Amino acid sequence: QTGDRVVGQYQMDETAGLVEGTVGGRKLTFTYREPNASGEGWFELAADGRSFDGRWREKGKTEWSRWTGTSGQTQAGRFDGIWNSTYGPLQLTQTGNTVKGFYRMADGRFASVSGTVAGTEFAFSYDECGVKGTGIFTLDPEGDSFSGTWKTDGGTPGTWTGMRLAPKPGRIWLVVLEARWEESLTEREYAYGSMLEAYFARAPNVECRHRFFDDADSLLRACSEIPFLPEPVVVVIASHGSEEGISSSGHTIGATALAECFARARNVKLLHFSACSVMAGTLPAEMAKALPKGIAFPMSGYATAVDWGASAATEFLYLDLILARDMEPDEAARQLLKLLPIAGDRGTPDAPFDPLGFRFVKKPAP
């Protein structure tokens, strides 16, 4: 790599190939050439820099295939990444010798940490919502763990250790956050997330988690763990909805509160609203505007009041294309509208369901 340009070569059996491309963030977009074939692809580097997940396809073909890799290089002197630490999950980002990050406290709130690196030592200050202190972390020779101390201003030192959470190439998370649908004991209990969990249990690369929320605070707590997952995450919010936002227990959760839930989630691959009419108005644009700089992800959902059965069939297909068939969300959305006309705006003649008005926004304009 020189600047943002990357060139390289690979050897597979008796075939030699050349790759050339450009880097934006942690993503390398490239073309490749072999003696009898050529094509395109992309690699996305994991946060710890020790593995990548990507796709490739031959020129003239439409389907993508997976291409993953791991590096034998150590991360000595690098604090980038996600750590399982004494005081909960910790995420650090290193730029030069400057490190900034955050960790999740027991009540679900976030504390900040920042400082500088000299050799294998990171000297930092922390702020736990007003409670402040300092500390030092020292990396092990391989860069896979740290040991250190901390103390509040004027306090007694304590120990703080951590182990690096290494991403598993090819793994992807499905996190379903669901509001309760029942309003009284006369109604039978049901959960859409349980259906998705059972369906994707067959996909070995998918880790599915299902949680319930009642209001903005409980949704925020459920979302607070997402930034600490080391692989990409597809989030499904299942609830009642409207142009103003999602709803639970009589509370409407709008764009600003939703943006707060995902303000640190750089690993979100897609946010899908399994809810009526959320995409009919300006909520995606308002949410994008409220998100911090550097946090952006595609969103999808419906512009109409949808039927449960029709939306479930739509989402099982849509999520299967992304999670089990390795499609990027924009390509999965395109395929969905082609394979299932009822998902779009026109529907199918004589169908028992109205068109769902499925919408996909790759980069919501703030």
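**Exercise 1. Place Trp83 in the fold and decide whether Trp83 is buried or exposed.**

Solution. Trp83 belongs to strand S7, which spans residues 81-85. The model is a predicted one, and in it the relative accessible area of Trp83 comes to 0%. Since buried means under 20% relative accessible area, Trp83 is classed as buried. As a further step, one can set Trp83 against Asp13, a residue 70 places away along the chain: their C-alpha atoms are separated by 37 Å.

**Exercise 2. Find which residues of helix H2 are buried, and state how they are arranged around the axis.**

Solution. Begin with the helix itself: H2 covers residues 216-223, and within H2 the buried residues are Ser218, Leu219, Ala222 and Cys223. Looking down the axis of H2, these buried residues fall within an arc of 140°, so they line one face of the helix. The next step is to ask what that buried set packs against, and the partners are strand S15 (172-179), strand S16 (206-213), S19, strand S20 (251-253) and H3.

**Exercise 3. Explain why Cys223 does not form a disulfide with Cys261.**

Solution. Cys223 is buried, with a relative accessible area of 1%. The closest cysteine sulfur to that of Cys223 is in Cys261, at 4.4 Å. A disulfide requires the two sulfur atoms to lie within 2.5 Å, and the separation of Cys223 and Cys261 is therefore too far for a bond. Applied to the model, the rule gives a count of zero disulfides. Two other cysteines can be described by their accessibility: Cys276 is partly exposed at 21%, and Cys129 is partly exposed at 43%.

**Exercise 4. Identify the buried residues of helix H4 and say which elements cover them.**

Solution. In H4, which runs over residues 283-290, the buried positions are Leu283, Pro284, Met287 and Ala288. They cover an arc of only 135° around the axis, and therefore sit on the same side of H4. The cover over these buried residues includes strand S19 (245-248), helix H3 (255-261), strand S21 (268-274) and strand S22 (299-302).

**Exercise 5. Describe the loop between helices H5 and H6 through Asp326 and Glu328, and then continue into H6.**

Solution. Asp326 is placed in the loop between H5 and H6, and its phi is near 60°, a positive value in a residue other than glycine. With a relative accessible area of 18%, Asp326 is buried. Glu328 lies in the loop between helix H5 (308-323) and helix H6 (329-339), but Glu328 is partly exposed, with a relative accessible area of 21%. Leaving aside residues up to four places away in sequence, Glu328 touches Trp42 and Lys269. Its C-alpha atom is separated by 9.4 Å from that of Arg55, although Glu328 and Arg55 are 273 residues apart along the chain. Moving on to H6, the buried residues are Pro329, Glu331, Ala332, Ala333, Gln335 and Leu336, and what covers them includes S21, H5 and strand S23 (358-361).

**Exercise 6. Locate Thr120 and Cys129 in their loops, and report what the backbone of Cys129 shows.**

Solution. Thr120 lies in the loop between strand S10 (110-118) and strand S11 (121-128), and at 35% relative accessibility Thr120 counts as partly exposed. The C-alpha atoms of Thr120 and Asp140, which are 20 residues apart along the chain, are separated by 7.8 Å. Cys129, in turn, is found in the loop between S11 and strand S12 (131-139). Although Cys129 is not a glycine, its phi is positive, at about 55°.

**Exercise 7. Describe the second largest pocket by its volume, its lining and the elements that contribute to it.**

Solution. The space in the second largest pocket amounts to about 420 Å³. Its lining is made of 18 residues, and Gln1, Arg26, Leu28, Leu45 and Phe52 are those that lie nearest its centre. Two or more lining residues come from each of strand S1 (5-12), strand S3 (27-34), strand S4 (37-45) and strand S5 (51-58). S4 gives the most to this lining, with three residues. Sorted by character, the lining residues divide into seven nonpolar, seven polar and four charged.

Key:
Residues are numbered from 1 along each chain as its sequence is written. This is a predicted model: local features need pLDDT of at least 70, side-chain atom pairs count only at pLDDT 80 or more; totals for chains, interfaces and linings use all residues. Side-chain values use heavy atoms; hydrogens and water are left out. On a 1 Å grid over the protein atoms alone, a cavity is a set of points where a 1.4 Å probe fits but cannot get out, and a pocket is an open set with protein on both sides within 12 Å along at least five of seven lines; lining residues have an atom within 4 Å of a point. Grid points are joined across faces, edges and corners, and a volume is the space filled by probe spheres set on the points. Helices (H or I, at least four residues) and strands (E, at least two) are DSSP runs, numbered from the N terminus. Ala, Val, Leu, Ile, Met, Phe, Trp, Tyr, Cys and Pro count as nonpolar, Asp, Glu, Lys and Arg as charged, and the others, Gly among them, as polar. Buried means under 20% relative accessible area, exposed over 50%, partly exposed in between (1.4 Å probe, protein chains only). The arc is that of the directions from the helix axis to the C-beta atoms. Contact means heavy atoms within 4.5 Å.
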